[in-house]
Amino acid sequence: MRKSKKISGFTLVEVLVAVAITSIFAGVITGVFISARNAFISNSAALEVHGANRLAMDWIVRDIKWANQTVPSVTISGTTYTTGINRLVLSVPGIDASGDIIEGVFDAVVYALNGTDLIRVVSPNAVSGSGSNRLASNYTIANNVNMLQFALNADNIGITVNTRRTVLNSRVLSDTLTTAVSFRNE
Amino acid sequence: MRKKAFTLIEVLIATVVIVISLLGSLSLFNQGTALVSNIKEDSVVTYALQEQMELIRRTSFDAIITNYPVATNFNTAGFAALISPVGIVTLDYPFANNQIVRVTLRLSWQSANNRTMTKSIATYVTKGGIGG
């Protein structure tokens with residue numbers, strides 16, 4: 001007889017309990033997944049921001065080491081750059097074809113902010129003399145630079161660079177580096 | 001015939017155990033974040049140490065010995081970004097003739113995750129200059 005045979009299966013209550021437990025479980029896993037994703041995004045972006053900031057700092061440090069002094073201002077293709085708290089115009093010894101220093105010839109290397117882009121402008125012979133083989137260039141070496149500050153001290157030049165980027169809609173990643181460098185060719 | 005299956009209690013306990021172990025793994029993300037902040041601090045510290053080293057290298061052998069006769073504290077602009085930074089300059093003479101001084105800069109600070117950290121850099125300065 002069909003009726004007497006008990007059909008095995010789940011009751012409604014059992015199914016509901018199973019669904020509830022699965023939901024809680026899925027919720028927890030989703031939470032873990034989202035925080036893992038956020039941590040990954042913000043940590044890797046923080047490292048990127050930090051790397052970009054260090055790169056910018058290392059460029060500036062290297063150029064100051066090469067330089068013999070700062071100059072008050074220089075005009076490169078119609079734009080005048082003036083040394084100040086946010087801008088640096090360096091006088092760098094000119095070089096010949098084999099990279100050796102030419103006496104009495106000085107190129108200009110400028111660091112300035114163009115919006116939030118840190119630009120490095122190089123202009124051979126712009127300070128004095130002629131015949132330098134250094135290539136003229138105008139590159140953006142870092143983006144999202146929020147602050148660029150120079151301190152023109154007697155012994156050295158202090159540099160502070162702050163790079164800032166927003167990730168995950170509202171998390172602000174800010175990275176500041178400070179150092180000071182002396183001229184090597186003074 | 002009684003079917004073998006898990007009881008509700010068993011399932012709940014298993015769920016709780018799995019959830020706890022998952023929450024435990026969350027600390028891994030915190031460790032990652034702490035590591036990133038350590039990396040950033042390390043750069044700040046390196047630049048701060050280099051800043052002081054630049055100042056010292058500008059001076060002569062004799063001036064270095066006069067200025068830092070004993071372990072001397074130093075402070076640079078880069079210290080502003082660190083928690084309780086302490087910088088110390090020490091000199092020693094690793095070679096018998098005392099014509100070469102080793103300048104060691106050591107900086108200790110509290111990391112953002114409350115650990116005491118130390119980093120040092122060193123350079124040699126000769127009395128007569130290289131080949132002098």
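**Exercise 1.** How many residues of chain B are in contact with chain A, and how many residues of chain A do they meet?

*Solution.* The model is predicted. Step one: count both sides. On chain B, 23 residues are in contact, and they meet 26 residues of chain A. Step two: sort the chain B side by residue type. This side has 13 nonpolar residues, six polar and four charged.

**Exercise 2.** Place strand 4 (residues 88-95) of chain A among its partners.

*Solution.* Start with burial. Seven of the eight residues in strand 4 of chain A are buried, so the strand is mostly covered by the cut-off of 20 or more other C-beta atoms within 10 Å. Next, take the pairing with strand 1 (residues 69-70) of chain A. The two run antiparallel and share two bridges. Here Thr70(A) stands opposite Leu90(A). Then turn to strand 5 (residues 101-114) of chain A. Seven bridges join it to strand 4, again antiparallel. Val89(A) faces Val110(A) across this pair. Last, the connection: strands 4 and 5 of chain A form a hairpin with five residues between them. Gly99(A), in the turn, has a positive phi of about 90°.

**Exercise 3.** Asn125(A) and Asn114(B) both have a positive phi. Where does each lie, and is each exposed or partly exposed?

*Solution.* Begin with the background. Most residues other than glycine have a negative phi. Now Asn125(A): its phi is near 65°, and it sits in strand 6 (residues 117-128) of chain A. Asn125(A) has 17 other C-beta atoms within 10 Å, so it is partly exposed. Now Asn114(B): its phi is about 60°. Asn114(B) lies in the loop between strand 3 (100-110) and strand 4 (116-126) of chain B. Asn114(B) is exposed because it has 7 C-beta neighbours inside 10 Å.

Terms used
Residues numbered from 1 in each chain as written. Chains lettered and ligands numbered in written order. Predicted model: local features only at pLDDT ≥ 70, side-chain atom pairs only at ≥ 80, totals over all residues. Contact = placed C-beta atoms within 7 Å. Nonpolar A, V, L, I, M, F, W, Y, C, P; charged D, E, K, R; others polar. Buried ≥ 20, exposed ≤ 12 C-beta atoms within 10 Å, placed from the backbone. Helix = DSSP H or I, 4+ residues; strand = E, 2+ residues; numbered from the N terminus. Pairing = 2+ DSSP bridges.
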